[in-house]
Amino acid sequence: MRGLRGYVRLRRAVPVVVVIAVIAVGVVVWLDRRSEQLADNRAQLKSACAGLLPQGHLGQFLPKGEAGRLHQYGTMLDPGQQSRVLLDCRLSWGGDEEVTVRANALPARAEETPGEFDSDFPFRLPPSAQGTVKTDRSSAARAIASLIVECPKGLTGQVRPSKDLQVAVGLPVKVKDEYVSELSPGNRRLVAGAAVRIANWITERKKCGGAPLDTRPAPLGTRPAAPVPASADAPRSRPSPPAAP
């Protein structure tokens, strides 16, 4: 009788053991796939945007269970294209975090709008360059750097001739307080450094002249020189004194 009871217990235990084993195997397979996906995302990040992205910073945004989506084009990636776009790159991982890079030839530099290019760019810029850093919180916190660099020898191979290069970079960032509109100094240097790196990479390969931009801190209280209006060079006559009564 005891043997029969033991046999019944054994038969009942077998399905439970099988279920546990199946679950365990499934968990192992799931963990392996997540590990493989993370490795794929890291490899994609390393090669995306010509390998110019700050991988150390962006690694914290890589998901384990979501594949990255990369869309990129431009004449720097495919010299046979006919476009003003030198590099256009977008990388996201299914959430609100997105990396954007845009570099293009600027046919004509617009006159500076007051306050548009201020002293917020954290690195030294030559008088011919303009740069700014700002934040965008329409969805997730993002730091955006815009940079205009002069190419004295011109950007060759473009549809229209140009001597100015425009670079814009957007990176997701971590913030402690979502209601604070100012970026931390570290995030400013991060996104500005990415823009400088991309601008130097393009001007070096295009051989368009000019010294590479550096990442030395900008002196406090300095601003890029404002463009001089065309009429400013014209001589101005002094007003005539009022006629004697």
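In the predicted model, R102 forms a salt bridge with D88, and the closest N and O atoms of the two residues lie 2.8 Å apart. This pair links distant parts of the chain, since R102 belongs to strand β3 whereas D88 belongs to strand β2 (residues 85-92), with their positions 14 residues apart in sequence. The two partners fall into separate accessibility classes: R102, at 33% relative accessibility, counts as partly exposed, while D88 is buried because its relative accessible area is 7%, below the limit of 20%.

A search of the whole structure finds six salt bridges, and two further examples are described here. The side chains of R216 and D214 meet in a salt bridge with an N to O distance of 3.0 Å; R216 is partly exposed at a relative accessible area of 47%, and D214 is likewise partly exposed, at 27%. In another pair, the side chains of E204 and R205 meet at 3.9 Å, N to O. Here E204 counts as exposed because its relative accessibility is 55%, which is over the 50% limit, whereas R205, at 46%, counts as partly exposed.

Attention then turns to D120, which is placed in the loop between β3 (98-106) and β4 (130-136). With a relative accessible area of 23%, D120 is partly exposed. When its neighbours within four places in sequence are left aside, D120 is in contact with G131, T132, V133 and R188. The C-alpha atoms of D120 and P185 are 9.9 Å apart in space, although the two residues are 65 residues apart in sequence.

Technical notes
Residues numbered from 1 in each chain as written. Predicted model: local features only at pLDDT ≥ 70, side-chain atom pairs only at ≥ 80, totals over all residues. Heavy atoms only, no water. Helix = DSSP H or I, 4+ residues; strand = E, 2+ residues; numbered from the N terminus. Buried < 20%, exposed > 50% of the residue type's maximum accessible area, 1.4 Å probe, protein only. Contact = heavy atoms within 4.5 Å. Salt bridge = Lys/Arg side-chain N within 4 Å of Asp/Glu carboxyl O.
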